[in-house]
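Please open the structure in your viewer and keep the selection panel at hand, as this tour goes from one selection to the next.

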Amino acid sequence: STGYITHDPGFVNTGAASSAITYIDGDAGILRYRGYPIEQLAQKSTFIEVSYLLIYGELPTKTQLDDFTEKIQRHTLLHEDLKAFFSGFPRDAHPMPVLSSAVSALSTFYQDSLNPFDEPNVELSTIRLLAKVPTLAAYAYKKSVGQPLLYPDNSLGLVENFLRMTFGFPAEPYEVDPEVAKALDLLFILHADHEQNCSTSTVRLVGSSEANLFASISAGINALFGPLHGGANAAVLDMLEGIKNDGGDVANFVSRVKNKEKGVKLMGFGHRVYKNYDPRAKIIKNTADEILGKIAGGDELLDIAKKLEETALSDDYFVERKLYPNVDFYTGLIYRALGFPTKYFTVLFALGRLPGWIAHWREMIQDPATKIGRPRQIYTGETERDYTPLEQR
Ligand code: SDX
């Protein structure tokens, strides 16, 4: 009756919330957004259409999609004072704290956005986030490479505009490579939502206090920054580079993982829910083959990744623990091939996950029965005891 679902009667109620947005079957490796299988959306849809689906619950008609696209294009510009924000950060700042700070700051520019029950403003805040976060992300990148910020070009689609603001220069025209835009659009679709993962649960928990949408999304970005969550795609690249520097010795790395050497994990493997192959990893692996296959002479890190996957999937240590590649195992290789630096990979994850976060926040505000309440605990501390005066300690 309180909207809580315990996955297992013997399991302490984690306060897990109910939701109608995304369905995962971890054992069967199934993922559906609003009932549509991820495989079909990956093949037939676009990121902006999937964003609409997650937030409003249905695939849009052409009119609805055109209207949604036009509204987002109208809001891609940042307030000039918010642009000034970027000059305050150190040049080598990691883009994730830059992004979470800038998103949180949006609520200082849009005071009308603070009431979560004012539906027209929640709608406006939704459009502002979908439109401005790609601009903020591009600016975080430009800041890190010391290049001038580019204004959005609203004749371009959401992903193309982001790519141009990221890799374009004011002094010369920049043509977005349609292949790059298509690959990134697909990766954003695959990251768009994933039920009650760490960052989405964070957005829901912060939002459950009726904190505004910008504050809740900023909290989600911070949760995603963790290396066991969104930071894993960058950690996979560091892992593969380490194996490459060790002469490509995959067997040696795998034995270090099995010996549980401190801090040595098979990054991009394992999942709290999937105890089977992550369906997104399968799709991304094919994309990696396609994109990286075009690189003359192939890609050494992709070869190492494939050898690592093959070794792990045939090793009882990983099979017994149901450790399979997850969404992060191949994405980093693609992001690198598209021209992004490693520390920017988690920002790309955030851009993909944004519509899912927004959809969950809106669902929770509209239907309190889906709220994650105040989680309780099992107290394991001291029993009651009297205060000891300082001179007696
Ligand atoms: C994401 O929740 C989501 O939906 C997240 C996400 C999303 O879309 O939002 O899918 C995105 O975060 C994917 C996960 C990205 N993280 C990584 O790739 C980091 C590496 N993975 C691990 O940290 C780990 O697999 C977790 C945290 C992802 C999941 O851990 P589990 O399933 O809770 O497993 P566990 O920590 O209870 O470990 C079970 C056993 C342990 O061994 P034993 O103590 O039983 O001997 O498996 C081992 C662990 O040591 N293990 C690993 C391992 N993951 C688990 N051993 C080596 N390498 C790993 N990656």
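## Around the ligand

Select the ligand and F269 to begin: a polar backbone atom of F269 is 2.9 Å from a nitrogen atom of the ligand, a polar contact being a pair of N or O atoms within 3.5 Å. This is a predicted model, in which local features need pLDDT of at least 70 and side-chain atom pairs count only at pLDDT 80 or more, while totals for chains, interfaces and linings use all residues. Residues are numbered from 1 along each chain as its sequence is written, and side-chain values use heavy atoms, with hydrogens and water left out.

Add L266 next, where a polar backbone atom is likewise 2.9 Å from a nitrogen atom of the ligand. Then select H194, which has a polar side-chain atom 2.5 Å from an oxygen atom of the ligand.

Now show the whole shell, meaning residues with a heavy atom within 4 Å of the ligand. Of these 23 residues, the ones that come nearest are H194, K260, H271, R272 and R280.

## An aromatic pair

Leave the ligand and select Y141 and F167, whose rings form one of the 17 aromatic pairs in the structure, where ring centres of Phe, Tyr or Trp (its six-membered ring) must lie within 6.5 Å. This pair is edge-to-face, at 5.7 Å centre to centre and with 75° between the planes; planes under 30 degrees apart would count as stacked, over 60 as edge-to-face and the rest as tilted.

Terms used. Polar contact = N/O pair within 3.5 Å; in protein donor to acceptor, adjacent residues only side chain to side chain.
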